[in-house]
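Hi,

Here is the structure I said I would pass on. Have a look at it first, and my notes follow underneath.

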There are 2 protein chains.
Amino acid sequence: MSLLVACCIISFAINHKYNKLNKMMESRFTVLTLGVDDLEKSLKFYHDGLGLPTNGIIGKEFEHGAAVFFDLKHGMKLALYSRSDLAWDAKISKHPRAATEISIGYNVRKKDEVDSIMKLAQKAGATITKPAQKAFWGGYSGYFKDPDGHLWEILWNPQLIPED
Amino acid sequence: MSLLVACCIISFAINHKYNKLNKMMESRFTVLTLGVDDLEKSLKFYHDGLGLPTNGIIGKEFEHGAAVFFDLKHGMKLALYSRSDLAWDAKISKHPRAATEISIGYNVRKKDEVDSIMKLAQKAGATITKPAQKAFWGGYSGYFKDPDGHLWEILWNPQLIPED
């Protein structure tokens, strides 16, 4: 009888642990969508200017559906979607641009890559908000805003070198 | 002599092509930093509420340095950083919250996972802006805002099932 009770307790514990784990989110996300005012302009910046691969604007056949997807590594995507359509889709109010909402960090393998990417972005139409310089945390970094005001940080951090 | 000239031309063309490619960005980013008003509150939401792994607040020894990093798959990170510190670091003005700047997409493998993640987020303190429902593009999705107003879309898209 005591064995049966023990089995029940172990079974409950395993199920409880499983359910708890199962209910948590996995440590990932799949798509980062940037709200934009001008799809064509942002597409040109990211594709022609920075070189990100895409099939261009898709979904025009749907009302509120036009979007751009850039294929990133590991099955991830960067997307562009009108701020108005995002407000409609998520049932929220449309807000003015706000550059302190996020920063997209792009880590490089060698320090001088920071300079070359910053130059590339500026040539593509980005606004440099902070030229590349030594960072307070020990690395080397600079910031720019894309044509729609989204912030990118290009950084060389010896503690976080991309693996591939 | 004509062979030498041909070799020089080919070599130049290869180098030019290589340099051009080398100057483009790779199709990736490493860190998504969310600007927040209250690090502790957002840490609690993402770690205790959603289950993302972290070592908590680090960098307090630096002025403007306090931040939280969550380890994601494939070497990526989700970070939390004060909006004021982000404005200081990137040399930009601090803006009010604006939920139409981005949406973070979390794709699931099975349709009913959308419901369970939405419930989990709501329990953790998220604001549901759009309950899970059939999407115009054929899948099933819902939106919520984190305690700092950042938008997440939890979606089941049969065309984009996460691989791992």
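Let me start with a small detail: Ser103(B) has Leu151(B), in S8(B), as its bridge partner. Before going further, a reminder that this is a predicted model.

That pair belongs to a parallel pairing, in which S5(B) and strand S8 (residues 151-156) of chain B are joined by five bridges. S5(B), residues 102-107, also pairs with S1(A), this time antiparallel and over four bridges. One position to click on there is Val31(A), which sits opposite Gly105(B) of S5(B).

Put together, this gives an open sheet of eight strands with mixed pairing, and its order is S2(A)-S3(A)-S4(A)-S1(A)-S5(B)-S8(B)-S7(B)-S6(B). Where are the edge strands? They are strand S2 (54-58) of chain A and strand S6 (127-134) of chain B, each of which pairs on one side only. From one strand to the next, the twist averages 20 degrees.

A helix goes with this sheet too. H3(A) lies across S1 and strand S4 (77-82) of chain A, and also across S5, S6, strand S7 (140-145) and S8 of chain B. Its direction is at about 95 degrees to S4(A).

Now for H3 in chain B, which covers residues 83-90. Which of its residues are buried? They are Arg83(B), Asp85(B), Leu86(B), Asp89(B) and Ala90(B). These residues span an arc of only 160 degrees around the axis, so they are on the same side of H3(B). Their cover includes four strands of chain A, namely S5 (102-107), S6 (127-134), S7 (140-145) and S8 (151-156), together with S1 (31-36) and S4 (77-82) of chain B. Right after H3(B) comes Lys91(B), with a positive phi near 60 degrees.

Last, the contact between the chains. Chain A puts in 56 residues and chain B puts in 56 residues. On the side of chain A that touches chain B, the elements giving two or more residues are strand S1 (31-36), strand S3 (67-71), helix H3 (83-90), S5, helix H4 (111-124) and S6. S5(A) has the largest share of that side, with six residues. By class, the side of chain A that touches chain B is made up of 30 nonpolar, 15 polar and eleven charged residues.

If you open just one view, I'd pick the place where S1(A) and S5(B) pair.

Cheers

Technical notes:
Residues are numbered from 1 along each chain as its sequence is written. Chains are lettered from A and ligands numbered from 1 in the order in which they are written. This is a predicted model: local features need pLDDT of at least 70, side-chain atom pairs count only at pLDDT 80 or more; totals for chains, interfaces and linings use all residues. A residue is buried if 20 or more other C-beta atoms lie within 10 Å of its own, exposed if 12 or fewer, and partly exposed in between; C-beta atoms are placed from the backbone. The arc is that of the directions from the helix axis to the C-beta atoms. Two residues are in contact if their C-beta atoms, placed from the backbone, lie within 7 Å. Ala, Val, Leu, Ile, Met, Phe, Trp, Tyr, Cys and Pro count as nonpolar, Asp, Glu, Lys and Arg as charged, and the others, Gly among them, as polar. Two strands pair if DSSP finds at least two bridges between them. Axes are lines fitted to C-alpha atoms, for helices over the stretch in contact, and angles run from 0 to 180 degrees between N-to-C directions.
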